[in-house]
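Hello,

I'm passing a structure on to you, and I hope you enjoy looking through it. Have a look at it first, and then read my notes below.

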Amino acid sequence: MYRSSNIVARIFNRQICTPPPGTSVHYARCFYENLVPSYTIYEVECPDHLFRKFTDDGQYLISFSRNYQELIVYRPRWLSFSCKDEDCDKHDLPSRAKRFDSFFTQLYCVPLASCNELICKDFFLYLESQQFGLFATSTPAQVPDAPAVGGAVHGVPSIEKITFHLLRLEDGEILDKKVFCNDFVNLTHNTGVFLYEDLLAIVSLRYQTIHVLQIRDAGNLVDVRAIGEFCREDDQLFLNSNAQLQFPGNHIENHMHQGQTNPENSFLSGIKQRLLSFIFQGLWNEERDETLRIQGLRKKFYFHFQDYVDLIIWKVQFLDRHHLLIKFGSVDGGVSRNADHHPAFVAVYNMDTTEIISFYQNSADELYLLFEQFCDHFHATSRNLIYMNFISSHSNNIHAREQLRSIKDKASNPSQFVKKMLASLPFSCQSQSPSPYFDQSLFRFDDKLISATDRHRQSTDHPIKFILRRRPYSLKFKIKPGPEAGSMDGRAKKISSFLFHPILPLALSVQQTMFLQPSVNIHFRR
């Protein structure tokens, strides 16, 4: 690494020295130690919009109107202004430069939601290769006690209409839509949807179906397969061809309704049968003695059989183009805002062979060891997005690993610690910022106040400090949300969100209270 912290010396050293193979990006990122957002414009004049995030390539800033009807997209640009004196740094910025439109240019404003729908403010996915954006709108009212008809799961609420919109962000043209009626998809923080390269997985909690779609280059959403009631493409055809068969005592009638079997059908769903078969075979192979094998099956399988049958799919993510990581749990946990207290299981499913290839409870030590050592493998990202590979985790960063081990050593209940850590699996899609200022090999900061994870946080009147990891361990910059002098009402609950540009030394901090208009600060390198 660079011996000097002086940026001129570093540039000169870059010209005469060649970094070791495979480390050129690491060396280039060290320049961010010198290029930091050290200047803040407090309470900037800006439109009253809800700012969602920067796209991962930094080309666009996504925002929504306050009535959740319109999408407004901005292009980030760098501040420029003239100064008559030789040393402009000694003077305050002109009033014109302190406006929002000095940093961002509005590209367009598109009405996205119909009159009876609202934009889901916590949902947005970005396909960088084509610069497509995926948004969602839905009818606001949920029916918590909706009747379980057509194969729906009892206890899962229903939303009249959920619409996914595929837009070309360059010009705001809506390319395609996918509509789910009387269904429930968890859209908070992209929980129920996962994007991997051009493949999209949408989890229908109500009908327990994983819809896998492909986003074509032309902007079409094409159905690839539906995993749930059926696993193979011809499963439904096979059952339909045998619909005339009647099984005594079961009275099976293979009436299909939107891919769901009749509720009186005694068959379990295809994915549930695969899961039970895997559990049974694993327990069967544990013992060679016939007597011990039967005892083990009674104790570990048949005793818990109904518990396994009652499991529902909570969440899904791609591990690669062929494998899914699926989280199972109870109905109560699937619709709860805090599912950490509910027992859960994770399984790896091969979409090509339709087999479950591994199954763990979320408190299993074996799964935690995999999570600790190979955390990056759970963050499935496109191979083309090089900068996404530098998001800090405890499997690629020694400082994050030491922090995890410190928390683990302090934990009074190891089992609860493991369960808490594994609660994040499967990871939500595009939930972390690739900004280099969250690289823990470059900067140290309080992750209770700010982190790469896209979440609102309890605000503080004290600035958040970013300190160098290397000598001289100096304070490089501060991020302070809210007014410069602090909030006048100390009793008001304040929530902050931080939007860091993935490449430029530029960030937005937004502080919200229950009654006052949000306060927006712009942090940049002057």
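**What I found**

Let me begin with a turn: the hairpin of E2 and E3 has six residues between its strands, and within it Gly58 takes a positive phi near 80°. Please keep in mind as you read that this is a predicted model.

The two strands on either side of that turn are worth a look. E2 covers residues 49-54, and because six of its six residues are buried, the strand is largely enclosed by the rest of the structure. Its partner E3 spans residues 61-65; the two run antiparallel and are joined by five bridges. If you want one pair to find on screen, Phe54 has Leu61 in E3 as its bridge partner.

**Three strands side by side**

Next, please go to E17, residues 323-329. Are its residues buried or exposed? Seven of its seven residues are buried, so the strand is mostly covered, with the cut-off for buried being under 20% relative accessible area. His323, Leu325, Lys327 and Gly329 point one way from E17, while Leu324, Ile326 and Phe328 point the other way. Residues of both groups are buried.

E17 pairs with E16, which takes in residues 312-318; these two run antiparallel, with six bridges joining them. The link from E16 to E17 is a hairpin of four residues. Two pairs help to show how they line up: Gln317 stands opposite Leu325 in E17, and Ile313 has Phe328 in E17 as its bridge partner. E16 is mostly covered as well, with seven of its seven residues buried.

E17 also pairs with E18, residues 344-350, again in an antiparallel arrangement, and here seven bridges join the strands. Here you can look for Gly329, whose bridge partner in E18 is Ala344.

How far is Leu325 from Ala423 in space? They are 13 Å apart, C-alpha to C-alpha, although their positions lie 98 residues apart in sequence terms. You will find Ala423 in the loop between helix H11 (414-422) and strand E20 (443-444). Its relative accessibility is 18%, and because the cut-off for buried is under 20%, Ala423 counts as buried.

**A helix and the loop before it**

Helix H10 runs over residues 398-410, which is 13 residues. From its first C-alpha to its last it reaches 18 Å, close to the 18 Å expected at 1.5 Å a residue. What caps its N-terminal end? That is Asn397, with a side-chain oxygen 2.9 Å from the backbone nitrogen of His399.

His394 is found in the loop between helix H9 (375-378) and H10. With a relative accessibility of 10%, His394 counts as buried. Its side chain reaches the backbone oxygen of Phe371 at 3.3 Å.

**A patch on the surface**

To finish, turn to the outside of the model. Trp78, Ile503 and Leu504 make a nonpolar surface patch of about 250 Å². Trp78 lies in the loop between strand E4 (70-76) and strand E5 (104-111). Its relative accessible area is 36%, so Trp78 is partly exposed, a class that lies between under 20% for buried and over 50% for exposed.

Happy exploring, and do write back if you would like to talk any of this through.

Best wishes

Note on methods
Residues are numbered from 1 along each chain as its sequence is written. This is a predicted model: local features need pLDDT of at least 70, side-chain atom pairs count only at pLDDT 80 or more; totals for chains, interfaces and linings use all residues. Side-chain values use heavy atoms; hydrogens and water are left out. Buried means under 20% relative accessible area, exposed over 50%, partly exposed in between (1.4 Å probe, protein chains only). Two strands pair if DSSP finds at least two bridges between them. Patches are made of residues with over 30% relative accessible area and no salt bridge: like charges are joined within 9 Å, nonpolar side chains (Val, Leu, Ile, Met, Phe, Trp, Tyr) within 5 Å. Accessible areas come from the Shrake-Rupley method with a 1.4 Å probe; for residues, only the protein chains shown count as cover. A salt bridge is a side-chain nitrogen of Lys or Arg within 4 Å of a carboxyl oxygen of Asp or Glu. The expected span of a helix is 1.5 Å times one less than its number of residues. A polar contact is a pair of N or O atoms within 3.5 Å; within protein, one must be able to donate a hydrogen and the other to accept it, and residues adjacent in sequence count only if both atoms are side-chain atoms.
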